[in-house]
Structure formats: C-alpha cells, structure tokens
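Welcome! Take a look at the structure below, then work through the exercises at your own pace.

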Amino acid sequence: MTGSKRVGVLGSGDVAKQLGRGFASRGYDVMLGTREPKKLEAWRREVGGTVSVGSFAEAAAHGELVVLATHGAATEAVLELAGPTRFRAKVVIDATNPLDFSRGMPPGLLFGLTDSLGERVQRKLPEATVVKCFNTVGSLKMVDPRFSSGPARMWICGNDAGAKKVVEGILKEFGWAGALDVGGIDGARWLEAMVPLWLRAGQALQTWEHVLQVVR
Ligand SMILES: NC(=O)c1ccc[n+]([C@@H]2O[C@H](COP(=O)([O-])OP(=O)(O)OC[C@H]3O[C@@H](n4cnc5c(N)ncnc54)[C@H](OP(=O)(O)O)[C@@H]3O)[C@@H](O)[C@H]2O)c1
C-alpha cells in the first residue's frame, strides 16, 4: 500500500460497499459518498478502520483517487452534484454500467455502441484521467477474487497510461493477476457491452460469480 492514500467512493450500493471495504482492508483512508449518509452508518461501523461517509461532493474532495459506483443512468447527474472541479488531476476509476432494463432482462445499453458511459464520464471530467475498471464482474468478486480456473485479469481501458498503471497496481493489491488493457476510453463501449453478455452467461451457468476471460 502507498502510505495512507485517500480514496473517495461515490455510491452506497453493493459495489461501493465492496470496493470501500477492499480499500479499507489495504489501509487506504476511504470515504463513501451518498445523498443519504445515514444509511451507511451500519456499514461504516462494521468495516471500522479509516472509513467515513459524506456527500458525493465530500467524497470526491476527500479522494486523491475517486471511484464511481453509482447507478448508470444517474452517474452524470452525480458528477454534477459532486462538482466536476473536485476531480481535477485525479485518477477516476469508473465501475459503472449504462444498463437499460426498460425492456426487462437481459438489459440493453443506454448509449448504444457509438458512445459509452466511460467516455461520457471522461468528457464531463476533462481534467481527470478516467479508467474503466471493475464493471465486468459481480461485486462479490471485485476484491480477493477466487476462480476455480485460477487467477484472472481485469478488463480495463482509459486514455492515460500512468492512470492505468495506478489502477493495475490496485488490482494486484486486490488479488487480481493484473489488467487486460483494451486501449483508450472508447474501449468502454465494449467493456460495457460485455455486461449483457456476462448476464446471459450467468443465466446459462446459473452463477453470478463468473468472469469473462481470454484463454490461449
Ligand atoms: N452490482 C454489481 O454487482 C455490479 C457489478 C459491476 C458493475 N456494477 C455497476 O456499478 C454501479 C453501482 O452498482 P450497485 O449495484 O452498487 O448500485 P446501484 O443501485 O446501481 O446504484 C446505487 C447508487 O446510485 C445512486 N443513485 C441512484 N439513483 C440516483 C439518482 N437519481 N440521483 C443520484 N444518485 C442516484 C445512489 O445514490 P444514493 O447513495 O444517494 O442513494 C447510490 O449511491 C452501477 O452502475 C452498476 O451497473 C454493478
């Protein structure tokens, strides 16, 4: 771990709680952000250590590194609530998915295949370096993942090589074999499109503890 680096996690759902717990377990100073801090009080007490809860703006300001773990359709509104200038010069890990459940399961994608939430986040935060990461696995497998087939790599993409190196370091701290980097943030179109496929595979295999991998 690199000192007591401060991490802001925007979100209060399963992803924010798992990643928040993961960062705290590695000694990071974590703040989760939500519109309703009270609802995370039990989680905060349970995790202990250096974890706190605040507003979206407070969590964004707290983090030297910021994680986005908000509902896909609300993510851009959350960035407005948090204040885009609070992300300036920071690495932003985007774990969100723009899933469209309006026609039921399996979902479609809110922005089709000619745009992505990862790109929209990067456009909204032009002074931050956004890395898409963690969006292709279930929350229970994000930290200390164990797969019967052995160690796995996490799919990532983003425009900045330095930011991706930081994120790969975190992946290794969390127990991943490393990153599978598919290039610039436009790769988020395909990492987000993997999720309806991941859901279909989960339905076929009756599990939510799988990860899509390349073998050769
Ligand atoms: N669940 C998984 O296993 C999984 C795996 C990979 C990726 N993802 C992606 O990760 C993200 C988080 O997923 P999740 O299941 O943990 O939680 P979620 O239920 O998708 O999102 C919860 C968060 O979204 C915020 N939110 C919802 N509607 C809002 C609105 N109208 N305005 C402002 N904020 C709003 C909530 O804010 P408050 O805190 O204020 O209520 C909360 O922080 C999603 O984009 C999801 O697709 C999920």
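Is Cys 133 buried or exposed? Before solving this, note that the model is predicted, with local features needing pLDDT of at least 70 and side-chain atom pairs pLDDT 80 or more, while totals for chains, interfaces and linings use all residues. Residues are numbered from 1 along each chain as its sequence is written, and side-chain values use heavy atoms, leaving out hydrogens and water.

**Solution.** Cys 133 has a relative accessible area of 0%. Buried means under 20%, exposed over 50% and partly exposed in between, using a 1.4 Å probe and protein chains only. Cys 133 is therefore buried.

**Exercise 2.** Find out why Cys 157 forms no disulfide with Cys 133.

**Solution.** Start with the bond itself: a disulfide joins the sulfur atoms of two cysteines covalently. Here it is counted when two cysteine sulfur atoms lie within 2.5 Å. Next, take the closest cysteine sulfur to that of Cys 157: it belongs to Cys 133 and is 9.6 Å away, so it is too far for a bond. By this rule, the count is zero disulfides. Cys 157 is also buried, at 0% relative accessible area.

**Exercise 3.** Describe the surroundings of the ligand.

**Solution.** First, count the neighbours, meaning residues with a heavy atom within 4 Å: there are 24, and the closest are Ser 12, Thr 34, Arg 35, Lys 39 and Thr 70. Then look at backbone N or O atoms: that of Thr 70 lies 2.7 Å from a ligand oxygen atom, that of Val 15 lies 2.9 Å from one, and that of Asn 97 lies 3.0 Å from one.

Terms used
Polar contact = N/O pair within 3.5 Å; in protein donor to acceptor, adjacent residues only side chain to side chain.
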